[in-house]
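Reader: I should like to go through this model with you, beginning with the contacts inside it and moving on to the places where chains meet. Could you take my questions in turn?

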Number of protein chains: 4
Amino acid sequence: MNDPHDLTIAYIGGGSRGWATTLMKDLAMDPDLSGTVRLHDIDREAAAMNASIGNDLSARPDVVGRWRYEAVDDLRGALAGADFVVLSILPGTFAEMASDVHAPEAFGLYQSVGDTAGPGGTMRAFRTVPMYRVFAEAIRDVCPGAWVINYTNPMAACVRTLYEVFPGIRAFGCCHEVFGTQHLLSFVLKDATGLWPAHRDDIEVNVLGVNHFTWIDRASYKGIDLMPLYDAFAKAHAETGYERTELGYDPTGYFSSSERVKIDLYLRYGAIAAAGDRHLAEFCPSPWYLRDPSVVAAWKFALTPVSWRVRKEAELRDRQRRWFERQEAVPLAASGEEGVRQLKALCGLGPLTTNVNLPNRGQVEGLPLGAVVETNCRMARDSARPVAAGRLPVAVEPLVSRHAAQQEGIVRAALTGDRGLAFAVFLNDPQLAGLGLADARALFDRMAAATAPYLPF
Amino acid sequence: MNDPHDLTIAYIGGGSRGWATTLMKDLAMDPDLSGTVRLHDIDREAAAMNASIGNDLSARPDVVGRWRYEAVDDLRGALAGADFVVLSILPGTFAEMASDVHAPEAFGLYQSVGDTAGPGGTMRAFRTVPMYRVFAEAIRDVCPGAWVINYTNPMAACVRTLYEVFPGIRAFGCCHEVFGTQHLLSFVLKDATGLWPAHRDDIEVNVLGVNHFTWIDRASYKGIDLMPLYDAFAKAHAETGYERTELGYDPTGYFSSSERVKIDLYLRYGAIAAAGDRHLAEFCPSPWYLRDPSVVAAWKFALTPVSWRVRKEAELRDRQRRWFERQEAVPLAASGEEGVRQLKALCGLGPLTTNVNLPNRGQVEGLPLGAVVETNCRMARDSARPVAAGRLPVAVEPLVSRHAAQQEGIVRAALTGDRGLAFAVFLNDPQLAGLGLADARALFDRMAAATAPYLPF
Amino acid sequence: MNDPHDLTIAYIGGGSRGWATTLMKDLAMDPDLSGTVRLHDIDREAAAMNASIGNDLSARPDVVGRWRYEAVDDLRGALAGADFVVLSILPGTFAEMASDVHAPEAFGLYQSVGDTAGPGGTMRAFRTVPMYRVFAEAIRDVCPGAWVINYTNPMAACVRTLYEVFPGIRAFGCCHEVFGTQHLLSFVLKDATGLWPAHRDDIEVNVLGVNHFTWIDRASYKGIDLMPLYDAFAKAHAETGYERTELGYDPTGYFSSSERVKIDLYLRYGAIAAAGDRHLAEFCPSPWYLRDPSVVAAWKFALTPVSWRVRKEAELRDRQRRWFERQEAVPLAASGEEGVRQLKALCGLGPLTTNVNLPNRGQVEGLPLGAVVETNCRMARDSARPVAAGRLPVAVEPLVSRHAAQQEGIVRAALTGDRGLAFAVFLNDPQLAGLGLADARALFDRMAAATAPYLPF
Amino acid sequence: MNDPHDLTIAYIGGGSRGWATTLMKDLAMDPDLSGTVRLHDIDREAAAMNASIGNDLSARPDVVGRWRYEAVDDLRGALAGADFVVLSILPGTFAEMASDVHAPEAFGLYQSVGDTAGPGGTMRAFRTVPMYRVFAEAIRDVCPGAWVINYTNPMAACVRTLYEVFPGIRAFGCCHEVFGTQHLLSFVLKDATGLWPAHRDDIEVNVLGVNHFTWIDRASYKGIDLMPLYDAFAKAHAETGYERTELGYDPTGYFSSSERVKIDLYLRYGAIAAAGDRHLAEFCPSPWYLRDPSVVAAWKFALTPVSWRVRKEAELRDRQRRWFERQEAVPLAASGEEGVRQLKALCGLGPLTTNVNLPNRGQVEGLPLGAVVETNCRMARDSARPVAAGRLPVAVEPLVSRHAAQQEGIVRAALTGDRGLAFAVFLNDPQLAGLGLADARALFDRMAAATAPYLPF
């Protein structure tokens with residue numbers, strides 16, 4: 001680990017208009033770190049624009065974190081000797097994502113996100129794993145000691161691939177869904193006690209499960225046990241749901257939610273499902289929350305169409321161009337993301353306990369060793385060690401263990417290019433459980449055809 | 001372990017007209033063991049009749065295994081000081097079984113057996129676990145060193161309860177479904193090579209999974225690898241199925257099967273599912289093989305109605321009476337069951353390697369420690385040690401791990417009498433995956449009401 | 001967990017003139033906790049004096065932590081309903097300790113402490129385990145949800161017994177030896193960089209091993225890797241040792257050390273042994289550091305005779321009396337111990353990461369599951385979760401694993417009262433490795449005779 | 001796996017005058033296998049002579065197993081496409097072995113064998129591991145699917161290296177020491193009951209531990225529990241020992257033993273140490289059985305000097321030449337070794353349960369995963385699966401776990417060539433426990449110098 005003021009960060013997917021911008025802003029606002037960020041992207045122009053935007057930002061007098069940004073066309077050139085590697089890519093294009101999310105609708109399967117589990121998440125994994133093989137091999141060869149932080153979904157398959165291909169890698173995956181649940185807990189606390197605002201760091205939770213289907217079995221705020229408060233909250237809002245904002249639930253919003261899925265799972269399982277309802281629903285059998293759009297609406301969450309993502313991306317592209325052409329200045333505001341805090345902890349600038357995704361070495365009992373699981377982790381200088389989280393609640397474990405076990409099949413099918421195995425794995429997803437075998441195969445074939453250029457089989 | 005000629009066997013469920021008769025006949029035909037069999041049953045009259053039948057049998061000149069049979073009304077009296085305990089009961093009556101099997105039909109869920117997984121198997125488990133708590137406590141108190149052999153279904157929940165309540169117990173569970181698959185393999189061998197008949201002991205298989213959803217990933221006969229033969233067999237018979245007998249598949253038969261489910265699973269997963277199709281289908285999502293009676297017929301297996309069991313039981317009852325009244329002699333013929341061979345192995349009369357159900361101490365990698373799993377086991381004098389079976393094929397593991405994980409919830413819900421937990425566990429079964437939440441709850445409530453006297457909640 | 005201002009602490013060994021006083025002072029100086037401390041001791045008068053001293057202290061105007069102290073004669077009365085239990089006893093008297101420490105000298109075995117490993121520590125364990133059985137049974141019956149903090153040595157055997165007897169206990173063991181090593185690291189840092197004083201909380205270490213034979217394989221201070229600094233330090237001071245104080249090494253001091261053992265172990269194993277030299281030496285073969293008093297002197301540490309402890313205790317007894325008789329006021333000063341911080345963390349008043357002793361559930365790979373190991377632990381409200389520490393350095397593991405494996409034998413021999421087993425276990429200790437079998441048995445018999453009233457065999 | 005009549009066996013160390021001859025004879029006497037044996041040896045002439053001898057043998061009319069023998073100079077040529085690989089080499093020459101066994105005598109350390117544990121075994125391991133790296137890499141490249149059977153000592157380090165270098169290897173290690181203990185048990189049986197001769201296959205034992213320090217915790221012969229018989233035997237012969245032959249104990253014999261070490265260990269630990277006394281003594285602290293030659297004589301076993309091995313080898317060399325020159329015919333007699341039975345089992349010609357050395361995947365609880373352990377194993381066609389052996393007796397585990405933990409250090413030091421690590425590992429051996437640090441280092445340096453050409457550091 002180098003001097004915190006002479007770091008090299010390789011950002012793969014560095015043309016991104018979302019996460020890359022977030023990181024640039026967060027770096028700009030922190031005086032404790034500086035160095036070089038190498039932006040690599042298959043969209044070279046976007047990476048170059050981000051580099052220019054980043055360097056402009058770094059030159060501003062209101063910026064305290066000084067970084068040099070470079071666009072680097074060559075993957076290995078970007079990675080060589082890096083201290084940190086950030087992986088944050090879109091695997092394929094929105095065309096493939098449209099297939100992931102919408103092709104299953106013809107078979108009566110609706111997906112709210114389609115990037116993690118379900119038919120969409122599974123097909124996305126099949127095309128992502130080969131890309132991650134390339135990353136892992138390059139990291140092994142040119143920066144084996146780097147800390148590698150993954151943001152790409154499907155999280156578990158990405159991290160699993162990194163370790164499968166390069167067992168010595170120092171990689172973990174980060175996701176903010178648990179933060180959102182901690183935020184919800186702060187509202188629960190407020191409503192029950194008037195205490196407000198609770199900082200997320202003070203909402204102590206025990207986290208265990210797999211990414212986007214993570215569970216909290218204990219939560220407290222300082223001396224206060226939040227579990228009974230959450231229990232009362234869940235009972236009070238079971239029918240109507242709960243909105244954190246004055247806007248309330250917006251049936252036309254694509255990210256809107258009233259936490260009804262989360263509450264429903266709590267009432268049945270006695271533990272808090274710690275992700276957004278759109279994600280949680282996708283890990284369950286389809287009939288529960290995703291039977292059709294009217295059921296989704298009744299549960300007060302939303303299906304996010306890819307068309308929305310396309311429009312959103314166009315807006316971001318315009319914004320990027322305005323920043324690049326200096327028509328507009330990048331606004332500085334804390335993102336609430338944790339990437340920079342993690343970099344600092346790994347540089348030794350104060351320990352941090354947070355939730356991350358790592359291969360299971362026992363931190364979640366009852367799930368297979370080697371499966372990528374999400375738990376708390378103690379980060380300190382050059383060190384990220386999982387905190388023993390115990391075992392999932394007894395009725396939750398079967399819901400999660402099948403997803404944990406899917407990882408191995410997904411990665412194996414994609415690394416070997418075995419189409420028959422890929423179908424068997426695809427079919428095992430709980431969202432498929434309502435389809436007959438012929439329909440499932442027809443759906444698989446259709447989705448595979450639509451995304452064929454990216455598939456290894 | 002006593003002298004093989006002075007054994008005490010306690011048979012719980014000893015009034016049985018099926019398994020108890022089988023054991024009596026097998027004991028009668030083996031000269032190497034003798035002693036006392038104590039028959040205990042809540043149907044005292046049936047136990048007394050079996051004792052009389054057994055003693056009559058023992059007195060016959062053509063019988064070489066001499067045993068004294070006693071009907072013992074008191075459970076602990078029957079168990080006290082026993083060398084072996086056989087557990088083989090019907091948990092509840094056919095009325096409860098009718099609810100298990102047929103109540104779900106109103107919700108579009110068809111079950112071929114209904115005693116292991118699915119809504120029927122789960123409810124059956126809830127009422128069986130409390131009975132097994134009583135057995136385990138009694139064994140702990142009055143015959144802690146006995147070898148306990150379970151035949152009751154649901155196998156895994158029964159064995160799991162025994163170990164949960166009395167961790168020092170020496171119990172395992174036996175099931176002949178794998179034998180049937182070995183028998184099928186002998187036909188596969190015959191068709192491919194002309195070799196016939198292969199003895200089951202020579203069909204070497206590696207067994208791993210949970211009872212009734214056990215898998216074989218390697219099989220051989222002497223020097224011959226059976227896996228490629230099975231592969232060719234599966235491809236040849238995928239569409240039409242395969243009948244072992246000249247009778248062929250009988251669409252009116254309640255136990256008939258053409259192995260089409262088994263073959264279909266093989267073609268997708270590359271491993272041999274080692275149970276009858278009626279059992280296998282129940283571990284999968286309902287739409288695959290059990291969507292409705294016509295789908296079952298297309299897969300050429302059968303739904304066994306409880307009415308059939310009632311008729312069958314009446315016949316057995318008549319036969320028992322005829323034997324008891326000495327109108328008819330018990331016919332002697334080897335059953336093909338393995339109980340007596342196991343007793344002999346445990347007495348030290350020659351080691352035996354066979355498949356049994358035991359808590360996982362690592363014999364199946366990837367499944368939770370403590371879950372009851374089925375693998376091969378080396379039995380010798382006073383010793384039953386699992387053989388390391390490795391890990392399930394990668395696409396099979398998620399299908400099995402969820403069932404393995406269910407065990408803990410089933411046992412916990414039943415031992416604590418927590419109805420909310422019981423519903424959460426019930427809902428997790430893959431057969432339920434096609435139901436919406438409201439329907440699932442309605443079904444649970446209806447089945448619970450129908451079997452209420454036997455339920456702990 | 002109750003209100004932090006209405007806690008009940010049961011202190012077993014509450015007549016103590018050392019640790020009990022420390023706790024009373026630390027509680028007095030902290031405004032965030034209050035409640036009742038029940039002092040239980042077989043020396044009832046000492047407990048009563050401490051109660052009086054504690055109440056006097058609580059009444060002082062300069063004291064911010066208000067506690068009510070009660071001497072409670074009955075163990076179960078003291079424990080009933082407690083939130084926290086502190087276990088800190090002297091198992092037996094100094095007469096037994098004299099046997100532990102000095103009897104082996106007749107056989108050429110010198111011990112620097114004699115309370116953890118070696119012949120002394122092993123015999124001490126044999127008499128402590130039965131006492132801990134009584135504690136565990138009482139806790140199970142009257143305060144099963146309490147957090148139990150053990151300070152008594154031998155630490156591992158004490159904690160292991162608690163979990164063996166009451167598997168549901170929430171107990172951990174605390175020891176300040178790692179703190180001492182962190183303190184040494186602050187000197188290493190100062191000498192290398194001039195930074196001073198480093199707070200212990202900023203000396204981040206990864207801790208793994210068994211109590212008093214704990215190892216640190218990574219250490220950092222903020223952004224600085226301390227391992228290369230320690231390497232240079234070790235090489236510089238290998239011959240002469242290192243003294244932290246101006247006094248330097250005092251060859252007449254009974255606790256004096258120049259860290260030469262610690263340095264020597266580092267130079268061979270590449271990891272930092274994290275306890276005082278007096279403890280470390282006792283885990284190694286005797287010839288290394290304890291061959292005879294001249295070897296001890298050459299390594300610049302000390303043998304602590306029990307006669308010194310007797311004199312020291314007399315001084316403490318006098319001091320206690322003066323305090324009790326109000327001839328003197330208890331002086332307030334932070335102890336540097338961590339008990340009160342732990343209580344606060346468990347009450348939810350801010351998380352704490354520190355090193356504790358817990359049964360191994362995977363936090364130290366390569367050591368047996370269930371063995372009590374020392375690692376970092378994340379403490380928060382009602383929660384103490386080990387941090388995954390990985391695996392010991394490859395050449396250290398054999399040194400530690402044998403001690404970890406001894407625990408099971410020690411506890412089993414003491415709980416069953418099996419003298420033959422006790423001798424076999426005793427003989428396995430590495431300090432005994434230089435003795436012939438006859439001598440070892442003679443030593444065992446002599447020590448057993450000298451402490452017979454306290455032994456279970 | 002090929003046709004049992006068209007096998008290719010690669011024998012590395014094929015010039016051997018002991019094991020190679022044994023294998024040739026056993027193959028000659030078995031009609032069920034045939035094919036080609038490729039003999040590779042760095043002593044090319046010896047391999048060529050053995051090939052000639054083997055082919056002569058194969059041509060004899062009294063021989064039923066027909067094999068073609070070839071001497072192959074090139075390691076990879078010998079291995080290419082082999083079905084089976086036998087590894088049986090002398091690592092270095094008798095000069096190195098003389099250093100291993102006798103150099104420590106100058107420091108008061110006597111070794112009875114010097115090839116497994118202790119200073120000799122450890123140094124031997126350091127020079128063997130690099131050779132095994134070469135073998136593993138070649139097997140990985142040219143016959144990855146072969147079954148690899150190791151006979152070379154130190155067994156555990158050899159097998160561990162094979163798996164470390166090529167994790168996919170199908171290797172196990174075989175040793176006949178447990179057979180010897182089964183043979184002893186047949187005498188115990190005879191003396192107690194008159195039953196004679198018991199076949200080894202009928203002496204059922206549960207085996208667990210590390211090679212040459214393996215333990216038996218259960219033993220039976222048909223219906224008879226052998227443990228109480230052994231207990232009586234041990235008590236009866238504790239003082240005088242026991243000789244199986246009419247010759248009795250021969251104080252001048254180099255392999256003679258009266259089982260006194262084995263009996264002494266049993267009396268203390270309650271389990272049967274299942275290797276010859278010469279091996280067992282070396283795993284214990286030196287003062288127990290190896291303090292000096294008079295102690296060895298008192299325990300009635302023997303130190304085997306390397307000079308004896310040199311003389312013995314000369315005799316074998318002469319015999320080989322006579323056979324090669326057809327002055328003498330190879331006499332046929334069953335060896336009692338099990339290699340050919342294992343080949344047959346792996347070919348599918350009937351399953352076999354026997355003891356072998358394999359990496360721990362849970363078959364011995366309490367020892368580290370990955371360490372090479374010895375347990376029973378079920379062998380069948382293309383399959384060798386360990387039988388779960390449970391946990392070592394509580395007082396035995398610390399004796400064994402340290403040796404299990406040493407493996408990792410031995411292999412690491414040798415593969416990395418880290419001399420410092422090598423010394424640290426060397427020092428951890430229990431035979432060294434009586435030496436001071438300076439003496440231990442002097443011994444290490446002297447032994448390293450004497451064997452330097454073969455060492456990786």
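Author: Let me first fix one term: contact means heavy atoms within 4.5 Å. Please also keep in mind that this is a predicted model.

Reader: Understood. With that meaning, what does C:V425 touch, leaving out residues up to four places away in sequence?

Author: C:V425 touches C:F126, C:Q406, C:G409 and C:I410, and also D:A395 of chain D.

Reader: Where is C:V425 found, and is the residue buried or exposed?

Author: C:V425 is found in helix α16 of chain C, which covers residues 419-428. Its relative accessibility is 0%, so C:V425 counts as buried.

Reader: How far is C:V425 from C:E105, in sequence and in space?

Author: The two are 320 residues apart in sequence, and their C-alpha atoms are 20 Å apart in space.

Reader: Let me change to chain B and chain A. How many residues does each give to the contact?

Author: Chain B gives 37 residues and chain A gives 37 residues. Between them the two chains bury about 2,900 Å², with 63% of that area on carbon and sulfur atoms.

Reader: Which three residues of chain B supply more of its buried area than any other three?

Author: They are B:R268, B:V394 and B:L437, which supply 21% of the area that chain B buries against chain A.

Reader: And how many salt bridges and polar contacts are there?

Author: The rule finds zero salt bridges across the interface of chain B and chain A. For polar contacts, the count between these chains is six residue pairs, with both residues at pLDDT 80 or more.

Reader: Which elements of chain B each supply at least two residues to that side?

Author: Helices α9 (260-269), α11 (286-289), α15 (397-416) and α16 (419-428) of chain B each do so. The largest share, ten residues, comes from α15(B). By type, the side of chain B that touches chain A divides into 21 nonpolar, eight polar and eight charged residues.

Reader: You mentioned α9. How many of the residues of α9(B) are buried?

Author: Nine of its ten residues are buried, and α9(B) is thus mostly covered. Among the buried residues of α9(B) are B:V261, B:I263, B:L265 and B:R268. After the helix comes B:G270, which has a positive phi near 75°.

Reader: What about helix α15 in chain A: how many residues has it, and what does it reach from end to end?

Author: Helix α15 of chain A, residues 397-416, has 20 residues and reaches 29 Å from its first C-alpha to its last, close to the 28 Å expected at 1.5 Å a residue. Of those 20 residues 18 are buried, so α15(A) is largely enclosed by the rest of the structure. Just after α15(A), A:G417 takes a positive phi of about 70°.

Reader: Now to chain B and chain D. What area do they bury, and how much of it is on carbon and sulfur atoms?

Author: Chain B and chain D bury about 2,300 Å² between them, 42% of it on carbon and sulfur atoms. The contact takes 27 residues from chain B and 28 residues from chain D.

Reader: How many salt bridges are counted there?

Author: The count between chain B and chain D is eight salt bridges. One of the salt bridges joins the side chains of D:D382 and B:R218, at 3.3 Å from N to O. The interface also has 19 residue pairs in polar contact, both residues being at pLDDT 80 or more.

Reader: Which elements of chain B give two or more residues to this side?

Author: They are strands β7 (203-210), β8 (213-221), β9 (224-225), β13 (372-380) and β14 (383-386) of chain B. The side of chain B that touches chain D divides into nine nonpolar, seven polar and eleven charged residues.

Reader: Which chains do not touch?

Author: Chain B and chain C do not touch, and their nearest C-alpha atoms are 13 Å apart. No contact joins chain A and chain D either, and their closest C-alpha atoms lie 13 Å apart.

Reader: One last residue: why does A:T451 count as buried?

Author: A:T451 has 0% relative accessibility, and therefore counts as buried. A:T451 lies in the segment after α17 (437-450) of chain A. Not counting residues up to four places away in sequence, A:T451 touches A:E96, A:S99, A:D100, A:M123 and A:R127.

Conventions. Residues are numbered from 1 along each chain as its sequence is written. Chains are lettered from A and ligands numbered from 1 in the order in which they are written. Side-chain values use heavy atoms; hydrogens and water are left out. Helices (H or I, at least four residues) and strands (E, at least two) are DSSP runs, numbered from the N terminus. The expected span of a helix is 1.5 Å times one less than its number of residues. Buried means under 20% relative accessible area, exposed over 50%, partly exposed in between (1.4 Å probe, protein chains only). Buried area is the accessible area (1.4 Å probe) that two parts lose on being put together, summed over both. A salt bridge is a side-chain nitrogen of Lys or Arg within 4 Å of a carboxyl oxygen of Asp or Glu. A polar contact is a pair of N or O atoms within 3.5 Å; within protein, one must be able to donate a hydrogen and the other to accept it, and residues adjacent in sequence count only if both atoms are side-chain atoms. Ala, Val, Leu, Ile, Met, Phe, Trp, Tyr, Cys and Pro count as nonpolar, Asp, Glu, Lys and Arg as charged, and the others, Gly among them, as polar.
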